[in-house]
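Here is a friendly briefing to read alongside the coordinates. Load the structure in your viewer and follow the topics in whatever order suits you.

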Number of protein chains: 2
Amino acid sequence: MITIAVDAMGGDHAPRPEVEGSVLAAREFGVRILLVGQQNVVRAELAKHAAPNLPIEIVPASDVISMQDHPAQAFRRKKDSSVHVSARLVREAKADGLVSAGNTGAVMTVAKFLLGTLESVDRVALAAPFPNAKGGVSVLLDVGANVDSRPEHLVQFAIMGEVYYRATFGSKRPRVGLLSVGEEEIKGNELTREVYTRLKKSPVHFVGNVEGGDLFSGNVDVIVCDGFVGNIALKICEGLALQIFGLLGRSLKSSLVSQVGAMLSKGAFKGLKKTIDYTEYGGAPLLGVRGVCVIGHGRSNANAVKNAIRVAAGLARARMNEKIEQELSATAVLA
Amino acid sequence: MITIAVDAMGGDHAPRPEVEGSVLAAREFGVRILLVGQQNVVRAELAKHAAPNLPIEIVPASDVISMQDHPAQAFRRKKDSSVHVSARLVREAKADGLVSAGNTGAVMTVAKFLLGTLESVDRVALAAPFPNAKGGVSVLLDVGANVDSRPEHLVQFAIMGEVYYRATFGSKRPRVGLLSVGEEEIKGNELTREVYTRLKKSPVHFVGNVEGGDLFSGNVDVIVCDGFVGNIALKICEGLALQIFGLLGRSLKSSLVSQVGAMLSKGAFKGLKKTIDYTEYGGAPLLGVRGVCVIGHGRSNANAVKNAIRVAAGLARARMNEKIEQELSATAVLA
């Protein structure tokens, strides 16, 4: 049975969605859960659920990393945090993966240093899944584990992203694109032009440069970029979606007729919000660490936590890291 | 009287919106218009409008640059294009500025080479205005005139963006931010960290690093980034807006109740589309060229063309380029 350590103290509303999501996941997916956090708090929350026969255990951790904590400081000073303890459970093979909806920077730092990176990997990468216009999912990486990447790092991101995509979204040969400012090979900056020539020779199914709009077009499955660009892209998406919904809400309240219209359209808006809500897609995996680490949004609800556990268990079951090592060594031989 | 050369052949629906927008601008803003394009085509379109006493003249240009043309090739081969002729009118001081809704890359190339750059400017920059959550406008630059910029270029973008913002949106001391991956000074890549220290010492009202979501937050007026990042950001915004409206449309058609709701909410949706439609904001000025050059979206309607003419005339009237030269020389002395 796959075992996942769940950081019960991480998200904005912890431990409620973490515990409920864990109960749902244990029930629906047959996954064993180690709920990591302050014992009394987690136990009280777990008691609210009728879950006596589910494979859920509490593992104590005295410290809590908040969203305001500085990642490097939290790593050094809060050594008994729920994130640290979760990562140690993975390192000691007591869990196959960890899930946290906590401070993304802190989770990345703790996972990187306590788990270490895979042998063939120079830099880890955070991958963010997006719903696309064709009803599928496209994945952007790196969305912020690094700044100032070199060409070989982006090639590694492409390979790791492809293996993750295959394991999670069931495509046999995902299309991999390079985020740039035009489709032709000569378009882009110094970094992407070099990465283009390397990806052409790599084993991934490289479809060439893609542009910003292709995050949502569904024409490509895995989109590679450096972490600086990817993080800005991710934050723009969140910001613009909030802005459009805010404006829509205000517009809809602007007249009585619109208000009635809005009431009648409520189901449609809910459906839309669900489609573009990326917490539905199982969180963002940190690729390249030894073990499985999936990071959820701080606003994760129980459903998002459940889906993140599903993704983490799936990556462990698919032996993603072994495949990443294999593909990267094969690429190194080719280079 | 300010004179603006309007590329009548540029946009997706040219020359209809170009001619109508010119008639509206001549009528509303008291601007003299030189409509540049194939004489018969433009004359026939102009004849549809009752505009006998308006200061509109046709200037012939035999070539047309299409959206599919390669910018550098179009520049070299179509020397009598409406874009070339418009730029020459500005160079020869027969017009104070030019407006085109044509092939952005080609317009940038032609303007850069035929007009040249200001003496203190190393690199021109394309600036894109966005509506923000506070009901104002935020401007992002560079959105694609360059790739691989150096720190001094981004400092110049900041100063040019600030002067353009003051001239166009009436703010006396626009807040200038640097697009990065976190607010602290140490956050960012090699380029932005260096730019941060330089902007702190510059005469602009520098508010520090901003993140992707700040394109829409209204917390900052001018957002500086390199052209690679800016172009990706712009395309993401267009792509995501299309995606959300597409999904919303499909959701609203999914049931009879939603359909009725959608009908009643129609006014609200229109209002929203108008708010986020950046063609309302007068197009994107190419900053740093000798003269004024404003580039509209290919899909520009008459209203967008009219607004682009308003912005171009405003920049000429405000003597933007003189102010840019002054501020840049002052900064050079400080450095």
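Helix H4(B) is followed by Ala93(B), whose phi is positive, near 60°. Keep in mind that this is a predicted model. Chain A, where most of the stops below are found, has 13 helices and 11 strands.

**Helix H4 of chain B**

- Helix H4 of chain B spans residues 82-91, and nine of its 10 residues are buried, so the helix is largely enclosed by the rest of the structure.
- The buried set consists of Ser82(B), Val83(B), His84(B), Val85(B), Ser86(B), Ala87(B), Arg88(B), Leu89(B) and Val90(B).
- Covering these residues are, among others, strand E1 (3-7), E2, E3, strand E4 (97-100) and helix H5 (104-115) of chain B.

**Helix H2 of chain B**

- Helix H2 of chain B (residues 39-46) has Val42(B), Glu45(B) and Leu46(B) as buried residues.
- Looking down the axis of H2(B), you will find its buried residues within an arc of 100°, so they line one face of the helix.
- Asn40(B) and Ala44(B), on the other side of H2(B), are exposed.
- The packing partners of the buried residues of H2(B) are helix H1 (16-29), strand E2 (32-37) and strand E3 (56-60) of chain B.

**Chain A as a whole**

- Chain A has 335 residues, and 60% of them count as buried.
- Among contacts in chain A with a separation of 6 or more, 72% are between residues 24 or more positions apart.
- The domain assignment splits chain A into domain 1 (3-121 + 288-318) and domain 2 (129-276).
- Taken over C-alpha atoms, the centres of domain 1 and domain 2 of chain A are separated by 26 Å.
- Seven residues from domain 1 of chain A and six residues from domain 2 of chain A make up the contact.
- On the domain 1 side of that contact in chain A, helix H12 (residues 302-317) gives the largest share, three residues.
- The side of domain 1 of chain A that touches domain 2 has five nonpolar, two polar and no charged residues.

**Helices H4 and H5 of chain A**

- Two packed helices are described by the angle between their axes and the distance between the axes.
- Here the axes of helix H4 (residues 82-91) and helix H5 (residues 104-115) of chain A come within 9 Å and cross at roughly 35°.
- The crossing of H4(A) and H5(A) is right-handed.
- From H4(A), the contact takes Val83(A), His84(A), Ala87(A), Arg88(A), Val90(A) and Arg91(A).
- From H5(A), the residues they meet are Ala106(A), Val107(A), Val110(A), Ala111(A), Leu114(A) and Leu115(A).
- By class, the residues of this contact between H4(A) and H5(A) are nine nonpolar, one polar and two charged.

**Two buried strand residues of chain A**

- Gly37(A) sits in strand E2 (residues 32-37) of chain A, and Gly37(A) is buried, with 29 other C-beta atoms within 10 Å.
- Not counting residues up to four places away in sequence, Gly37(A) touches Ala8(A), Met9(A), Pro15(A), Val42(A), Ala61(A) and Ser82(A).
- Gly37(A) and Asp80(A) are 43 residues apart along the chain, and their C-alpha atoms are separated by 9.5 Å.
- Ala284(A) belongs to strand E10 (residues 284-287) of chain A, and Ala284(A) is buried, with 28 other C-beta atoms within 10 Å.
- Leaving aside neighbours within four places in sequence, Ala284(A) is in contact with Leu126(A), Ala127(A), Ala128(A), Val143(A) and Ile295(A).
- The C-alpha atoms of Ala284(A) and Ala101(A) are separated by 9.8 Å, with their positions 183 residues apart along the chain.

**Backbone geometry to check**

- Most residues other than glycine have a negative phi, and most peptide bonds are trans.
- Ala93(A) is not a glycine, yet has a positive phi of about 60°.
- Ala93(A) lies in the loop between H4 and strand E4 (97-100) of chain A, and Ala93(A) counts as exposed, with 9 C-beta neighbours inside 10 Å.
- Asp148(A) also has a positive phi, near 55°.
- Asp148(A) is in the loop between E6 and H6 of chain A, and Asp148(A) is partly exposed, with 14 other C-beta atoms within 10 Å.
- The peptide bond from Leu141(A) to Asp142(A) is cis, with omega near 0°.
- Asp142(A) is in the loop between strand E6 (137-141) and helix H6 (151-169) of chain A.
- In chain B, a cis peptide bond with omega of about 0° joins Ala14(B) and Pro15(B), and Pro15(B) lies in the loop between E1 and H1.

Note on methods. Residues numbered from 1 in each chain as written. Chains lettered and ligands numbered in written order. Predicted model: local features only at pLDDT ≥ 70, side-chain atom pairs only at ≥ 80, totals over all residues. Helix = DSSP H or I, 4+ residues; strand = E, 2+ residues; numbered from the N terminus. Buried ≥ 20, exposed ≤ 12 C-beta atoms within 10 Å, placed from the backbone. Arc of directions from axis to C-beta. Domains from an automatic or database assignment. Nonpolar A, V, L, I, M, F, W, Y, C, P; charged D, E, K, R; others polar. Axes fitted to C-alpha atoms, helices over the stretch in contact; angles between N-to-C directions. Left-handed = near helix turned anticlockwise from the far one by under 90°.
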